[in-house]
Amino acid sequence: MGSPGEPAALSLLDECARGFMVSQVLFAACELGVFDVLAEAPQALDAEAVATRLGTSSRGTELLLDTCVTLKVLRLEAGGGKALYGNTELSSTYLVRSSPRSQCNMLLYLARTTYLCWAHLAQAVRDGKNQYPAAFGVPSDELFTAIYRSEGERLQFMRALQDVWSVHGRRVLAAFDLSPFRRICDLGGCSGALAKECASLYAGCQVTIFDLPDVVQAARKHFLFLEEERIGFHEGDFFRDPLPDADLYILARVLHDWSDEACSRLLARIHQACGPGGGVLIVEALLDADGRGPLTAQLYSLNMLVQTEGRERTPTQYRTLLAAAGFSDVRCQRAQGLYGAILARKSAFNNGEMVTLYGVEGFLGIVRY
Ligand code: SAM
Ligand code: ASE
């Protein structure tokens, strides 16, 4: 037999190898509506009652429910000799569709889209490209044409991406005091979930959601904001069209979709659109300084490989991109959790203007702005 350490190492290997089965248990339970049926029932239900309500087999339902109990997303109650199942606090909060903090749409997106791209991870590593052609038979030279390959896909993506901000949005936006910025533009703001959190946290701001025309139209139609006067929409392509005037531009999970070269182009356009003292707030899953963790950010980075043209980055990598685009005063807050915030400003004194004004080259260097 091997060394005493071997069995533990081997069981870790087994655990990793069957990780996909755990994902599929959650995906299936969400897809079937297990947590919703249990949330709607006045009391805990036995497996047969769940199977009847879901229209599923008794055998499959019992196996799925018992595995959910071990994963702590369901709890077991003894009742008249029968096993009765109910939601735990975890599933009531995050897995019941009607919960305000539900993450169901993201789980369904991971199940139906992300998972299928991950089936081609080895190929993605070989050719360094996303796997929409292999997974869905669509060309991916225009990234968001592939992501939004149908109206249904566009809606699923928009619903999925907004889930996280109902849980982490406030904390990420509170990482810096953004109250001095009155006009905020959320570039690639999608359904407006983060914009909504922003408007609720900063009572004095006006937020414009900037996104592709089809996304803005879907946001208007399916994610209603009419009740919120301080939120508006602007249709456009941030690589080509003029950017709306704003004091602060937010880029949440936008840069991670793109190559360094495309990020630099976008940041340079934002720098140009910014007035003196204006800012850009980057919100992303941040890698550790050495790029070797945390595991979730590394997995998300591989997810960007199979689904986009980008990667997750370290704070230093974002600093480098920001500096190259002309931003200064870069500050980073990890904001406890995966998503961190990086705030950068355009110098309050425009270099060119000072030079013209004073005719002294290097003036800014001397006064150290
Ligand atoms: N900021 C949102 C969030 O964090 O949930 C959405 C992030 S999503 C990964 C990227 C967003 O960028 C999508 O809403 C997409 O429609 C938008 N987008 C992609 N290319 C764009 C372009 N050329 N112009 C404007 N928006 C674009
Ligand atoms: C993108 C973000 C995501 C593009 C594709 C995506 C997410 C899932 N698929 O910009 C959300 C972030 N989560 C992960 C797993 O990366």
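Colleague: Which atom of ligand 1 does a polar side-chain atom of Asp237 lie close to, and at what distance?

Modeller: This is a predicted model, to begin with. In the model, a polar side-chain atom of Asp237 lies 2.8 Å from a nitrogen atom of ligand 1. The cut-off for a polar contact is 3.5 Å between N or O atoms, so this pair counts as one.

Colleague: What makes Phe238 a polar partner of ligand 1?

Modeller: Its backbone. A polar backbone atom of Phe238 is 2.8 Å from a nitrogen atom of ligand 1. That is within 3.5 Å, so the pair is a polar contact.

Colleague: And what is the distance from Asp211 to an oxygen atom of ligand 1?

Modeller: A polar side-chain atom of Asp211 sits 2.6 Å from that oxygen. Again the value is within 3.5 Å, so it is a polar contact.

Colleague: How much of the accessible area of ligand 1 does the protein cover?

Modeller: On its own, ligand 1 has 590 Å² of accessible area, and the protein covers 96% of it. Two elements give two or more residues to the shell: helix 11 (151–173) and strand 5 (206–211). The largest share, three residues, comes from helix 11.

Colleague: Which residues come nearest to ligand 1?

Modeller: Tyr148, Gly188, Asp211, Phe238 and Ala252, out of 19 residues around the ligand.

Colleague: How do the residues of the shell around ligand 1 divide between nonpolar, polar and charged?

Modeller: There are 13 nonpolar, two polar and four charged residues. Gly counts as polar in this scheme and Tyr as nonpolar.

Colleague: Turn to ligand 2. Which residues come nearest?

Modeller: His256, Asp257, Tyr300, Asn303 and Gln307, from 13 residues around ligand 2.

Colleague: How do you know that His256 makes a polar contact with ligand 2?

Modeller: By distance. A polar side-chain atom of His256 lies 2.7 Å from an oxygen atom of ligand 2. The limit is 3.5 Å, so the pair qualifies. Asn303 has a side-chain N or O atom 3.0 Å from an oxygen atom of the ligand. Gln307 has one 2.9 Å from a nitrogen atom of the ligand. Both values are within 3.5 Å, so both pairs count too.

Colleague: How much of ligand 2 does the protein bury?

Modeller: Taken alone, ligand 2 exposes 380 Å², and 95% of that is buried by the protein.

Colleague: Which helix gives the most to the shell around ligand 2?

Modeller: Helix 15, with four residues. Helix 7 (104–118), helix 11 and helix 15 (295–307) each supply at least two. By class, the shell has six nonpolar, five polar and two charged residues.

Colleague: Now the cysteines. Why is Cys30 in no disulfide?

Modeller: The whole structure has zero disulfides. For Cys30, the nearest cysteine sulfur is that of Cys104, 3.5 Å away. A disulfide needs two sulfurs within 2.5 Å, so this pair fails.

Colleague: Is Cys30 buried or exposed?

Modeller: Its relative accessible area is 3%, under the 20% limit, so Cys30 is called buried.

Colleague: What about Cys332: how far away is the nearest cysteine sulfur?

Modeller: That of Cys263 is 16 Å away, and Cys332 is in no disulfide. The limit is 2.5 Å, so the pair is ruled out.

Colleague: Why is Cys332 called partly exposed?

Modeller: Its relative accessibility is 27%. Partly exposed lies between 20% and 50%, so the label fits.

Colleague: Why does Asp46 count as buried?

Modeller: Asp46 stands at 14% relative accessibility, under 20%, so it counts as buried. The residue is found in strand 1 (residues 45–46). A polar contact of 3.0 Å joins its side chain to that of Lys82. A polar atom of the Asp46 side chain also lies 3.2 Å from the backbone nitrogen of Glu48.

Colleague: What makes Leu173 buried?

Modeller: A relative accessible area of 1%, which is under 20%, so Leu173 is buried. Leu173 lies in helix 11. Leu173 and Glu197 are 24 residues apart in sequence and 8.0 Å apart in space, C-alpha to C-alpha.

Colleague: Finally, which domains does the assignment give?

Modeller: Domain 1 (6–94) and domain 2 (167–368). Their C-alpha centres lie 39 Å apart. The protein has 18 helices and 10 strands. Buried residues make up 45% of its 369 residues.

Key:
Residues numbered from 1 in each chain as written. Chains lettered and ligands numbered in written order. Predicted model: local features only at pLDDT ≥ 70, side-chain atom pairs only at ≥ 80, totals over all residues. Heavy atoms only, no water. Near = heavy atom within 4 Å. Polar contact = N/O pair within 3.5 Å; in protein donor to acceptor, adjacent residues only side chain to side chain. Areas by Shrake-Rupley, 256 points an atom, 1.4 Å probe, with all protein chains shown as cover. Buried < 20%, exposed > 50% of the residue type's maximum accessible area, 1.4 Å probe, protein only. Domains from an automatic or database assignment.
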